[in-house]
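This report is a reading guide for someone meeting the structure for the first time. It follows a few residues and elements and describes how they are placed.

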Amino acid sequence: MSRQNIDLGKTDDEGFNALDISIVYAQYASAILLKRAGLVPKSIEFYKKRREIFTVKQVNVENFLLNLDCDNETLEGKLM
């Protein structure tokens with residue numbers, strides 16, 4: 001991922017940044033890269049309140065965020 005001309009602070013109208021979207025769509029490889037680039041996941045409560053946007057998969061948010069917090073190279077445990 002190139003850091004040139006990327007605004008990591010950019011959000012959509014609902015306040016979602018690139019990391020949030022990676023979490024919502026269960027894209028762990030993208031999420032870990034964005035976290036390592038400096039983005040910080042929001043709280044579990046933030047994602048749980050917006051569960052209706054998890055249209056692709058029912059993501060196990062707790063496990064997803066735990067893996068990000070541990071800086072695991074790949075997602076371990078249950079995704080859904």
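Phenylalanine 16 is buried in this predicted model, because its relative accessible area of 4% falls under the 20% cut-off. Phenylalanine 46 also counts as buried, at 13% relative accessibility, and tyrosine 47 is buried with a relative accessible area of 0%. Phe16, Phe46 and Tyr47 together form one aromatic cluster.

**Aromatic pairs**

A pair of aromatic rings is described by the distance of the centres and the angle of the planes. The count of aromatic pairs comes to 3, and two of the pairs are set out in the table below.

| Pair | Distance of ring centres | Angle of planes | Kind |
|---|---|---|---|
| Phe16 and Phe46 | 5.3 Å | 55° | tilted |
| Phe46 and Tyr47 | 5.2 Å | 90° | edge-to-face |

The pair of phenylalanine 16 and phenylalanine 46 links distant parts of the chain, since phenylalanine 16 belongs to the segment before helix 1 while phenylalanine 46 belongs to helix 3, 30 residues apart. The pair of phenylalanine 46 and tyrosine 47 has its planes at 90°, which is over 60° and therefore makes the pair edge-to-face. Phenylalanine 46 has a further partner in lysine 42, which lies over the face of its ring at 5.2 Å from the ring centre.

**The nonpolar core**

In soluble globular proteins, nonpolar side chains tend to be buried together. The largest nonpolar core here has 17 residues, and those that touch the most other members are Leu19, Ile23, Tyr47, Phe64, Leu65 and Leu68. Two or more residues of this core come from each of helix 1 (18-24), helix 2 (28-36), helix 3 (44-49) and helix 4 (61-69). For leucine 65, leaving aside residues up to four places away in sequence, the residues touched are Ile23, Pro41, Lys42, Ser43, Ile44 and Tyr47.

Which residues of helix 2 are buried? They are Tyr28, Ala31, Ile32 and Leu34, and because they fall within an arc of 165° when seen down the helix axis, they line one face of helix 2. The cover over these buried residues includes helix 1 and helix 4.

**Residues with positive phi**

Most residues other than glycine have a negative phi. Alanine 26, although not a glycine, has a positive phi of about 55°. Alanine 26 lies in the loop between helix 1 and helix 2, and it is buried, with a relative accessible area of 10%. Aspartate 71 is another residue other than glycine with a positive phi, in this case near 60°. Aspartate 71 is found in the segment after helix 4, where its relative accessibility of 34% makes it count as partly exposed. A glycine with a positive phi is found just after helix 2, where glycine 38 takes a value of about 120°.

**Aspartate 69 and proline 41**

Is aspartate 69 buried or exposed? Aspartate 69, which has its place in helix 4, counts as exposed, because its relative accessibility of 61% is over the 50% cut-off. How many residues lie between aspartate 69 and proline 41 in sequence, and what is their distance in space? Aspartate 69 and proline 41 are 28 residues apart in sequence, and their C-alpha atoms are 8.9 Å apart in space. Proline 41 is also among the residues that leucine 65 touches.

Methods: Residues are numbered from 1 along each chain as its sequence is written. This is a predicted model: local features need pLDDT of at least 70, side-chain atom pairs count only at pLDDT 80 or more; totals for chains, interfaces and linings use all residues. Side-chain values use heavy atoms; hydrogens and water are left out. A nonpolar core is a set of buried Ala, Val, Leu, Ile, Met, Phe, Trp, Tyr and Cys residues joined through side-chain atoms within 4.5 Å. Buried means under 20% relative accessible area, exposed over 50%, partly exposed in between (1.4 Å probe, protein chains only). Helices (H or I, at least four residues) and strands (E, at least two) are DSSP runs, numbered from the N terminus. Contact means heavy atoms within 4.5 Å. Rings of Phe, Tyr and Trp (its six-membered ring) pair if their centres lie within 6.5 Å; planes under 30 degrees apart count as stacked, over 60 as edge-to-face and the rest as tilted. A charge sits over a ring if NZ of Lys or CZ of Arg is within 6 Å of the ring centre and within 35 degrees of the ring normal. The arc is that of the directions from the helix axis to the C-beta atoms.
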